[in-house]
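User: I would like to learn how to read the local features of a model like this one. Please take them one at a time, with a case for each.

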Amino acid sequence: MLPLLLSIEGLYSYQEKQVIDFSQLTEAGLFGIFGSVGSGKSSILEAISFVLYGDTERLNKTDKRAYNMMNLKSNQTLIVFEFLNFEQRKFRFVAQWKRRKNFEDTTPIERMAYEWKENDWTPMDSADGAKVTNLSYPNFRRTIIIPQGQFREFLELKGKDRSEMMKEIFHLNKFDLGPKVSSLQQWNNKKLEHLRGALSGFEMISVEALQQKQKEVAETKINLNAAKEAFQELQQQVLQLQEYHDKQVELQGKKTQFGELSLRSAKIKQQEEELNHFVLVSGAFKEPLNSLQELNLQKEALIHRVENLQISKERQSKDIDALELEIQRVQESYLKIPAFRTEVEDFKLLIQLKENREKEKELTKRLAKGTPYVDRVKLTIAENEGQIMARDKQLDTLKAEKMDTVQLIAMEKWYQRKETLVDQHATNQVKLAQLDTEIQQDYLKFAAFGYEEWSWEAKIREELKEFDDQLRQLQVQETHIQVQDRLSHFANSLELGKPCPLCGALDHPAPMVAQHVQEELKRNAELKLALENQIKQWHVRRDELTKISMALINSKSQKERLSIEEKSLLDLEREHREQFIWTAYSQENADAFEAQKEKIQANEKLIADLELKQKDSRVEEQRLRENLQKYEKELELIKSEISALTIVNTQHAAGLQQLKFTDFSNQALAEIIQAKSRLEQQIVSIEQSFSTLNQQINSSKTKLAEVVGQYSAAKEQLSGLNALLKEKQVLIAKLLKEYAFNDITQVHQIIQKPLAVEQLRQDIQQFYIRIEVLDSQIQSLTSYLADKTFSAEQLENSKALFQLKKEELELQFALYGGLEKELTHLTLEYGKKEKLLEEFEAISNRSNNLKVLENLFKGNGFVNYISSIHLNQMCDMANHRFHRLTRNKLSLALNENNEFEVIDYLNNGYRRSVKTLSGGQSFQASLCLALALAENIQSLNKADKNFFFIDEGFGTQDTESMNIVFDTLQYLHQENRVVGIISHVEELKERIPRSITVQNDLELGSKIQRN
């Protein structure tokens, strides 16, 4: 666990909220919490324990814990603790309660826990600290926070209690296998009884019974094989006779088929002749006849088209005549359009006249309304001018009473300069003190690395040179070993009578023998790796020393600069005091100056207020005058616009041509606009009708021309078709004469026969192939049967004998199958019995082993054994430091009861109880054990850092022991250990790099101050 922040409010002596930022303290590895007795140092540890576990050593639940822990001047107690656990997860634990109206009554204590997830504090189900620290409250007090007077507890614990503690901390419950062994024994005994019952059913199964059955199966198999051979021989004979019979039947069938096909031969030949004639006639006449038919169809279609075009031409002519009559009727209205347009323009003038009359009325109203407003603005301007004159007189009076401020400004500058110099002097003093501290810390850092500030660079260069020499030597050795290794390979590859692969010689009387080359290479690599790791550590150390050196040089430079600046500040301050010439005032007390300054500032403020009001009044007057000018100009514009409208109306009335304004004076403007729209629509309708009729007549004439052109083209096409028809008819007549046909009817009768030409050809071809195949098969079968003799009686006798042999074979198979099945069953049962016997033997052996384990794990014996291993390891780790602290006089050891004892080397190494140690020696032993325990916990939890508090105990050490203890604690920082010390001994502050001080104020309670 690593603490990050602790906030305490209203707990014991902490009246107001106090915050400890542990992240700054733990960076040094060793920090302290100091304060006088009773200041509230130990309350910090109690706050951490209480917020995590809800428990405290000082008070229990029956002691009115909430009331007694709350500060008597506070109305609530609030503890907030943030930390990282061993898994580097961040947690916040909170405990709070409040005081009720009755002073001794409080609200119940509320404890809450949160985990930092996704940049937010997420509430947890439980506020039990043991779930996140893996430590119970007693073990937390023994390993993390060790309260006052409890540091020796772990050292003096009884063996059983310490074993229980180790069991919890190191999770030794997994080694408590007694219950599991007992459970396994119960299962094992049940399994043994089950196996005994199962084996009782296999008493008749034995090796002798299995061998007897195998003998019966072997004899039966011999009889079966003999019957099978006789059966196969007879089967071959029957199959051969049956084959002869089948071939003879097949020959008769083939002869019958051949006779049937021979009868169809004449008909097939006739069909072949008809097919050939049909193909010949179709090839000659089909194309000309199809062309003639197509031409006739085209001729009929063209004649029909010519007739339709003639009808269309007559219809288009009638449509054109009707359209010409309609356009003559519309033309009368079309010629009146100019007069209609003039009337539309008159309507527009009438509309303008009407709109102007309305606008003239509106302007007259605005003129009557604006004139009184202008008069009111003029009156307001006169009143404002009177107020401005009165304030001017007041300002003249105030300015006449105004005092000279030049002297006061100079004094103010002097006092400000003095204050600046004093503040700068104080700041420099603080910076100089901080730089002295930093320089001292840098010297300590050099000392911690074992170097001196003036000689570290030369020393570290010597170290690097030494490392380079060692590395170069190792590389030379490695090269030499590799050469030896390669030569040994060549020596091993030498073969008698063959040339050497290196020198080519045929004879090597004393070839090289290399031994342990690989071991030397490995050892050299390990030394080289170790040296490279040392060089890496050297680089890290050099970088760190360089940073420290640069920081030291920078601090010294800043200190020198600040010292020079401080001297200059003193000279400036002396010179500044000599410039003070105002005898009525004091250099040290600026009260009189401040009073005079306040009086002048009040007078200036009044003048400024009056001038601001004057400015506002003048701005308002300017605004009013601008508005007046704007309103007067607007009224003039209205008058001008009324005059202009009167002139325009007169002009519009004179411009009317066909209409008179008097005829429409009583009509509304909307009615006149509607009349104008109707007339405009009438003009548009006439123009559209005239244009549409012209377009229609032009379109009809165009269509008529197209129809006439199409009619002429169709007539020409008809003439061409008649010529083609004549040519085709001549060709057909020539073909009729060539093929000796009387007329075309005979040709049509032949061509129109429904003959499937391809199918007929295939059928004829298949007929000829089939008859040839049958003839070939008849000859083959006749040749095969020529020298074969057999009778049907012989075949029947063979079949009957074969059937008898088959039945005999089936009986042998059934007998053999039954015996083999019995053998298989017997074999399986015997295998089961063997497996049961093996399992019974294994379970019996396991029962004996479980009895041994039962004795081993009885009474937590094995857990105590593992615990003793951990304790011995801890004891060895603790002795590394304890030997140093006691100057090799004492050593820690464990007895057979897992209790600590001391080996006293000054008294012949005799053992004695740890209770005989002095107070200082007990503290040393407890510290070493605490550090060893922390290391074990860190290793167990795989944590980067580990932390624990020590409350008091340093007062028992002498000066030399104190030095050794502090060297040990400071060295822990390199081992990622963090130790917090709580003490009232003030001289310890100087030896601890970072610390805080707790001071108990009588009025404000305990306060925390960072040193």
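Analyst: Start with burial. Thr 997 has a relative accessible area of 6% and is therefore buried, since the cut-off for that class is under 20%. The model is a predicted one.

User: Where is Thr 997 found, and with which residues is Thr 997 in contact?

Analyst: Thr 997 belongs to strand β14, residues 994-1001. Leaving aside neighbours within four places in sequence, its contacts are Phe 34, Lys 989, Lys 1007, Ile 1008, Gln 1009 and Asn 1011.

User: What is the relative accessible area of Thr 77, and in which strand does Thr 77 lie?

Analyst: Thr 77 lies in strand β4 and is buried, at a relative accessible area of 0%. A polar atom of the Thr 77 side chain lies 2.7 Å from the backbone oxygen of Gly 10. Residues up to four places away in sequence not counted, Thr 77 touches Glu 9, Gly 10, Leu 11, Met 70, Ala 95, Gln 96 and Trp 97.

User: How should I read the sheet with six strands?

Analyst: Read the strand order, then the edges. This open sheet has the order β2-β1-β4-β5-β6-β7, and the pairing is antiparallel. β2 (18-21) and β7 are at the edges with a single partner strand each, so one side of each has no neighbour in the sheet. From one strand to the next, the twist averages 20°.

User: How many bridges join β5 to β6, and which residue in β6 stands opposite Arg 92?

Analyst: Strand β5 (residues 90-98) is joined to β6 by six bridges, and the two run antiparallel. The residue opposite Arg 92 is Tyr 114 in β6. As for the side chains, in a regular strand they alternate between the two faces of the sheet.

User: Which helix packs on this sheet?

Analyst: Helix α2 (residues 41-53) does, and it touches β1 (2-9), β2, β4 (76-84), β5 and β6. The direction of α2 makes about 80° with that of β4.

User: How many bridges pair β6 and β7, and what is the phi of Glu 118 in their hairpin?

Analyst: β6 and β7 pair in the antiparallel sense over four bridges. One of the partnerships is between Glu 115 and Thr 122, the latter in β7. The hairpin has two residues between the strands, and in it Glu 118 takes a positive phi near 55°.

User: Why is a positive phi worth noting?

Analyst: Because most residues other than glycine have a negative phi. Glu 118 is not a glycine, yet its phi is positive, at about 55°. Glu 118 lies in the loop between β6 (110-117) and β7 (120-123), and is exposed, with a relative accessible area of 81%. Asn 134 also is not a glycine and has a positive phi, of about 65°. Asn 134 sits in the loop between α4 (130-133) and α5 (137-143). Asn 134 is partly exposed, at a relative accessible area of 28%.

User: How is an aromatic pair read?

Analyst: Two values describe a pair of aromatic rings: the distance of the centres and the angle of the planes. A search of the whole structure finds ten aromatic pairs. Among them is the tilted pair of Phe 83 and Phe 93, at 5.8 Å centre to centre with 35° between the planes. This pair links distant parts of the chain, ten residues apart: Phe 83 is in strand β4 and Phe 93 in strand β5. Phe 83 counts as buried, at 0% relative accessibility, and Phe 93 counts as buried at 0% relative accessibility. Ring pairs also link Phe 81, Phe 83, Phe 91 and Phe 93 into a cluster.

User: What is the order of the sheet that three strands form, and which are its edge strands?

Analyst: The order is β9-β10-β11, in an open sheet with antiparallel pairing. β9 (890-894) and β11 (910-913) are the edge strands, each pairing on one side only. On average, neighbouring strands here are turned by 40° against each other, direction ignored. Strand β10 (residues 900-904) runs antiparallel to β11 and is joined to it by four bridges. Ile 903 stands opposite Arg 911 in β11. Helix α20 (residues 861-885) lies across β9 and β10, at about 175° to β9.

User: Where in the chain is confidence lowest, and where highest?

Analyst: Confidence is lowest in helix α22 (residues 959-971), with a mean of 66, and highest in β5, at 95. The chain has a mean pLDDT of 79, and 89% of its residues reach 70 or more. Where pLDDT is low, the predicted coordinates should not be read in detail.

Conventions
Residues numbered from 1 in each chain as written. Heavy atoms only, no water. Buried < 20%, exposed > 50% of the residue type's maximum accessible area, 1.4 Å probe, protein only. Pairing = 2+ DSSP bridges. Axes fitted to C-alpha atoms, helices over the stretch in contact; angles between N-to-C directions. Contact = heavy atoms within 4.5 Å. pLDDT = per-residue confidence, 0-100. Polar contact = N/O pair within 3.5 Å; in protein donor to acceptor, adjacent residues only side chain to side chain. Phe/Tyr/Trp six-rings, centres within 6.5 Å; stacked < 30°, edge-to-face > 60°.
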